[in-house]
Amino acid sequence: MPTPKKALFNWSSGKDSALTLYKILQNPDYKIEYLLTSVNQQFQRISMHGVRVELLKAQAESINIPLKIMEIPEMPTMEVYENVMTKTLTELKNEGITHSVFGDIFLEDLRKYREEQLAKIGFQGVFPIWKIPSLALIQEFISLGFKTIVVCVNEKYLDKSFVGRIIDQDFIKDLPENVDVCGENGEFHTFTFDGPIFSKPVNFEIGEIVYRKYQNPANQDSSNKACDTNASDAFDYGFWYCDLI
């Protein structure tokens, strides 16, 4: 049997990451060495999701895969983001890691961007749930017993009432028609706290719901999309966040 390829997994803490990790862990061609997560350096929260680092660490401990945190400034330019990523991946390459796994579903420009950046360092991208219909993915996610809570919604697509909800059949039914059920266009982000990849549920309490609006400076676009599988216009709108404690 061939030796599995050493890979890192780009972990956002949300549902697409959880389902993708579940699938790649069943693939004998790859061995996941690390979970890699972008964290806001100033606030110590997961980029875009707004989840506290303490909960991220609790996830990794329950999943039992070492966590690597990549600290990113509050509003990074594309150049800053790419420099941090290059440094991180170069260090991992020295450990024999050759592949980088993503939970992207259908954003062609994002996949192209990722593959181009990886190629510069000598990495290959792996996309286990690519082009699987979003509705099929979310139904599989729920049927496998995963549990996830919505921690952030983009006000362009959803109102405050959707943040803080557990994703279930009622949530899917309540989504407007123009919203992807997996939030692939950046409509919403989640925190997954239980399921078949976890040795035990991640405990948390729901804190306050807050509203934040960001400026949209030049050159933000690609760095934002690269930090997470999000829409390119994410900083043009406000966001509702549900703080998890």
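Which residue follows α2, and is its phi positive or negative? That would be N64, with a positive phi near 65°. A few more notes on this predicted model follow.

1. **Confidence.** Overall the chain averages a pLDDT of 92, and 91% of the residues score at least 70. Two stretches need a caveat. Over residues 217–225 the pLDDT stays under 50, though the model still gives them 26 contacts beyond four places in sequence. Residues 229–234 are also below 50, with 25 contacts in the model beyond near neighbours in sequence. Where pLDDT is low, the predicted coordinates should not be read in detail, so I'd leave the specifics of those contacts alone.

2. **Helix α2.** This helix spans residues 53–63, and its buried residues are V53, L55, L56, Q59, A60, S62 and I63. The cover over them comes from several elements: helix α1 (15–24) is one of them, and the strands include β2 (30–40), β3 (45–46), β4 (67–72), β8 (188–194) and β10 (238–244). Right after the helix comes N64, the residue with the positive phi from the opening question.

3. **S13.** Have a look at the loop between β1 (5–10) and α1, where S13 sits. S13 is buried, at a relative accessible area of 0%. Leaving out residues up to four places away in sequence, S13 touches I46, H49, V51, Q59, T190, F191 and T192. One of these, Q59, is also on the list of buried residues of α2.

4. **The four-stranded sheet.** Here the strand order is β8-β7-β10-β9, in an open sheet with antiparallel pairing. β8 and β9 (206–213) are at the edges with a single partner strand each, so one side of each has no neighbour in the sheet. On average, neighbouring strands are turned by 25° against each other, direction ignored. β9 and β10 run antiparallel and are joined by six bridges. In β10, Y241 stands opposite V210.

5. **Cysteines.** If you're setting up bonding, the count of disulfides is zero. A disulfide is a covalent bond between the sulfur atoms of two cysteines. For C182, the closest cysteine sulfur is in C152, 16 Å away, and that is too far for a bond. C242 also has its closest cysteine sulfur in C152, at 10 Å, again too far for a bond. As for exposure, C182 is buried with a relative accessible area of 2%, and C242 is buried with 4%.

Terms used. Residues numbered from 1 in each chain as written. Predicted model: local features only at pLDDT ≥ 70, side-chain atom pairs only at ≥ 80, totals over all residues. Heavy atoms only, no water. Buried < 20%, exposed > 50% of the residue type's maximum accessible area, 1.4 Å probe, protein only. Helix = DSSP H or I, 4+ residues; strand = E, 2+ residues; numbered from the N terminus. Contact = heavy atoms within 4.5 Å. pLDDT = per-residue confidence, 0-100. Pairing = 2+ DSSP bridges. Axes fitted to C-alpha atoms, helices over the stretch in contact; angles between N-to-C directions. Disulfide = S-S within 2.5 Å.
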